[in-house]
Amino acid sequence: MRVRYSQEWGISNYGKSGVNPRIVIRSGNIRYHQEMRMDEDYVATCGCRAFRTSSYTLGQQIWSGGTLRATFDCVLVLLQPDGSGRFPIPDEIRARFIAVDGAKQEG
């Protein structure tokens, strides 16, 4: 989900064109709430919860039959394409985090 989210939001197109930041997971926490079987249909949701200058917290969930099955909360950091330093989140992405996802700016 985090890769698709980054593509859809214009954070990175993963090298297809232009300047793309490296997006790395700084930390993450997976919680399994309930068993899920292979033949079940599921819905995955994802949204930014908070952000700083070059990092953001992403909340991801898997639902099936209206029941929350698993969550993955992670902090993602944007780095320069060559990994040499931090890559600031563009202003338009920061504004979208707030307007669409209801994220909070931290720090």
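Q: In which strand is Arg69 found, and what makes a run of residues a strand?
A: Arg69 is found in strand 4. Strands are DSSP runs (E, at least two residues) and helices are DSSP runs too (H or I, at least four residues), both numbered from the N terminus. Strand 4 covers residues 67-79, so it meets the strand minimum of at least two. Keep in mind that this is a predicted model, where local features need pLDDT of at least 70 and side-chain atom pairs count only at pLDDT 80 or more, while totals for chains, interfaces and linings use all residues. Residues are numbered from 1 along each chain as its sequence is written, and side-chain values use heavy atoms, leaving out hydrogens and water.

Q: Why is Arg69 called buried?
A: Its relative accessible area is 8%. Buried means under 20%, exposed over 50%, and partly exposed in between, using a 1.4 Å probe and protein chains only. The 8% of Arg69 falls under 20%, so the residue is buried.

Q: What does the side chain of Arg69 reach, and what makes a pair of atoms a polar contact?
A: The side chain of Arg69 reaches the backbone oxygen of Glu35 at 2.7 Å. A polar contact is a pair of N or O atoms within 3.5 Å; within protein, one must be able to donate a hydrogen and the other to accept it, and residues adjacent in sequence count only if both atoms are side-chain atoms. The 2.7 Å separation is within the 3.5 Å limit.

Q: Which residues is Arg69 in contact with, leaving aside its neighbours within four places in sequence?
A: Contact means heavy atoms within 4.5 Å. Among those in contact with Arg69 are Tyr32, Glu35, Met36, Glu40 and Ile62.

Q: Why is Ile62 called partly exposed?
A: Ile62 lies in strand 3. With a relative accessible area of 31%, Ile62 sits between the two limits given for buried and exposed, and is therefore partly exposed. Ile62 is in contact with residues including Met36, Tyr42 and Arg69. The C-alpha atoms of Ile62 and Met36 are separated by 9.6 Å, with the two residues 26 apart along the chain.

Q: How do you know that strand 2 and strand 3 pair?
A: Two strands pair if DSSP finds at least two bridges between them. Strand 2 and strand 3 run antiparallel and are joined by eight bridges, so the requirement is met. One of the bridge partnerships is Cys46 with Gln60 in strand 3. The two strands form a hairpin, with three residues between them.

Q: What makes strand 2 and strand 5 a pair?
A: Two bridges join strand 2 to strand 5, and the strands run parallel; this meets the minimum of at least two. Lys104 in strand 5 is the bridge partner of Ala50.

Q: In what order do the five strands form a sheet, and why is one side of strand 1 and strand 5 left without a neighbour?
A: The open sheet has the order 1-4-3-2-5, with mixed pairing. Strand 1 and strand 5 stand at the edges with a single partner strand each, so one side of each has no neighbour in the sheet.

Q: How many helices and strands does the chain have?
A: The chain has two helices and five strands, following the pattern α-β-β-β-β-α-β along the sequence. Buried residues make up 33% of its 107 residues.
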